[in-house]
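Reader: Hello! I am new to protein structures and would like to learn how to read one. Could we go through one together?

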Amino acid sequence: MTNVQTEQLKKFVFSSKYTVNGEPLEEKLEIIIPELLQASYSFYTWPSAPVLAWFIWENREEFYGKKVVELGAGTALPGIVAAKCGADVILTESATLPKSLSHTRRSCQVNNLVVNQHIKVIGLTWGLFLGNLDLLGPLDYIIGSDCFFEPATFEDILVTVAYLLDININAKFFCTYQERSSDWSIEHLLSKWDLECIVHNINNLGNSIGLNIHDLIGDHSIHLLEISRKS
Ligand SMILES: C[S@@+](CC[C@H](N)C(=O)[O-])C[C@H]1O[C@@H](n2cnc3c(N)ncnc32)[C@H](O)[C@@H]1O
């Protein structure tokens with residue numbers, strides 16, 4: 001159960017300005033993320049998450065009506081933004097971490113997303129091929145923020161992604177990767193699992209409202225990757 005005494009609510013605002021027939025318009029989305037301080041990994045929104053969430057927000061027309069699964073969702077900012085933009089979203093967290101799964105559900109609840117009605121939350125452990133992978137059904141996008149935080153699990157993540165991309169041949173995996181050590185790399189694993197990767201520029205995210213993405217991520221070095229099956 002969530003320890004409400006240590007919960008803090010963090011607000012994230014996404015907006016865009018544009019003109020239609022000379023008329024200035026602004027669209028805005030506010031997401032509230034509950035965080036548990038002094039807890040680990042899944043109870044805190046990592047700097048990679050707002051970057052992926054901004055990418056989804058700016059591409060919301062592309063995500064509308066699409067089937068999306070988020071891996072290692074934690075507080076689930078990107079998946080919740082996708083759901084609010086009209087995607088059909090399944091949030092996943094390690095099946096071995098029931099408290100993390102219930103925190104992911106709490107994030108949905110705080111944003112008025114009813115689990116099993118507006119959004120799904122299921123246990124999915126990277127590298128474990130249990131029946132739940134097939135229950136995901138056809139997918140358009142796999143998303144994941146800061147899943148590559150521990151080299152010992154890099155291959156487990158990519159094996160899971162490779163399997164999902166095998167059964168969803170047109171799907172793509174959009175993920176944000178925080179560079180923690182220059183010795184760490186997923187390049188050889190992408191090649192081993194027959195995957196290819198495009199690096200997207202994150203500097204233009206939020207341009208229409210004058211956002212400087214580096215104000216969100218501070219000194220961290222974060223990359224936005226699009227991984228797909230080698231063509
Ligand atoms: C660094 S946190 C990132 C959380 C969130 N995506 C974010 O960016 O704020 C890594 C997440 O991966 C989850 N995780 C760790 N090992 C996992 C595994 N073997 N299978 C599935 N999820 C796992 C953790 O519980 C945690 O939520």
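Reader: Which residues come nearest to the ligand?

Author: Happy to start there. Keep in mind that this is a predicted model. Of the 22 residues around the ligand, the nearest are Ser42, Gly72, Gly74, Ser94 and Ser145.

Reader: How do the residues of the shell around the ligand divide into nonpolar, polar and charged?

Author: One way to read such a shell is to sort its residues by chemical type. Here the shell holds eight nonpolar, eleven polar and three charged residues.

Reader: Now the inside of the protein, please. Which residues touch the most other members of the largest nonpolar core?

Author: A residue is called buried if 20 or more other C-beta atoms lie within 10 Å of its own. The largest nonpolar core has 54 residues, and Leu52, Ala53, Ile56, Val81, Ala82 and Ile142 touch the most other members. Helix 1, residues 48-58, gives the most to this core, with eight residues.

Reader: How many residues of helix 1 are buried?

Author: Ten of its eleven residues are buried, and helix 1 is mostly covered. Among them are Pro50, Val51, Trp54, Phe55 and Trp57.

Reader: Which residues is Ile56 in contact with, leaving aside its neighbours within four places in sequence?

Author: This is a way to find partners that the sequence alone does not show you. Ile56 is in contact with Phe63, Pro78, Val81, Ala82 and Cys85. Pro78, Val81 and Ala82 are also among the buried residues of helix 3.

Reader: What about helix 3 itself: is it mostly covered or mostly open?

Author: Helix 3, residues 77-84, is mostly covered, with eight of its eight residues buried. Even Lys84 is on the list of buried residues. Just after helix 3 comes Gly86, with a positive phi of about 95°.

Reader: Which residues other than glycine have a positive phi?

Author: Phi is a backbone angle, and its sign is worth a look. Asn21 has a positive phi of about 50° although it is not a glycine, and Asp194 has a positive phi near 60°. Asn21 is in the loop between strand 1 and strand 2, while Asp194 is in the loop between helix 7 and strand 8.

Reader: Why do we call Asn21 exposed?

Author: We count C-beta neighbours, and a residue with 12 or fewer within 10 Å is exposed. Asn21 has 5 other C-beta atoms within 10 Å, so it is exposed. Asp194 counts as exposed because it has 11 C-beta neighbours inside 10 Å.

Reader: Let us try another helix. Why does the length of helix 6 agree with what we should expect?

Author: You can check a helix with a ruler. At 1.5 Å a residue, the 14 residues of helix 6 (residues 154-167) should span 20 Å, and its end C-alpha atoms are 20 Å apart, so the two agree.

Reader: Which residues of helix 6 are buried?

Author: They are Ile157, Leu158, Thr160, Val161 and Leu165. These buried residues cover an arc of only 160° around the axis, so they are on the same side of helix 6. They pack against several elements, including strand 3, strand 6, helix 7 and strand 9.

Reader: Which residues does Leu71 touch, not counting residues up to four places away in sequence?

Author: Leu71 lies in strand 3. It touches Thr92, Leu124, Trp126, Ile142, Gly144, Cys147 and Ile157. Leu71 counts as buried because it has 22 C-beta neighbours inside 10 Å.

Reader: How far apart in space are Leu71 and Ile143?

Author: Here it helps to compare two kinds of distance. Leu71 and Ile143 are 72 residues apart in sequence and 6.3 Å apart in space, C-alpha to C-alpha. For His223 and Leu130, 93 residues apart along the chain, the C-alpha atoms are separated by 30 Å.

Reader: Where does His223 lie, and what is it in contact with?

Author: His223 lies in strand 9. Leaving aside its neighbours within four places in sequence, His223 is in contact with Thr176, Tyr177, Glu179 and Val199. It is partly exposed, with 17 other C-beta atoms within 10 Å.

Methods
Residues are numbered from 1 along each chain as its sequence is written. This is a predicted model: local features need pLDDT of at least 70, side-chain atom pairs count only at pLDDT 80 or more; totals for chains, interfaces and linings use all residues. A residue is near a molecule or strand if its C-beta atom, placed from the backbone, lies within 6 Å of it. Ala, Val, Leu, Ile, Met, Phe, Trp, Tyr, Cys and Pro count as nonpolar, Asp, Glu, Lys and Arg as charged, and the others, Gly among them, as polar. Helices (H or I, at least four residues) and strands (E, at least two) are DSSP runs, numbered from the N terminus. The expected span of a helix is 1.5 Å times one less than its number of residues. The arc is that of the directions from the helix axis to the C-beta atoms. Two residues are in contact if their C-beta atoms, placed from the backbone, lie within 7 Å. A nonpolar core is a set of buried Ala, Val, Leu, Ile, Met, Phe, Trp, Tyr and Cys residues joined through C-beta atoms within 7 Å.
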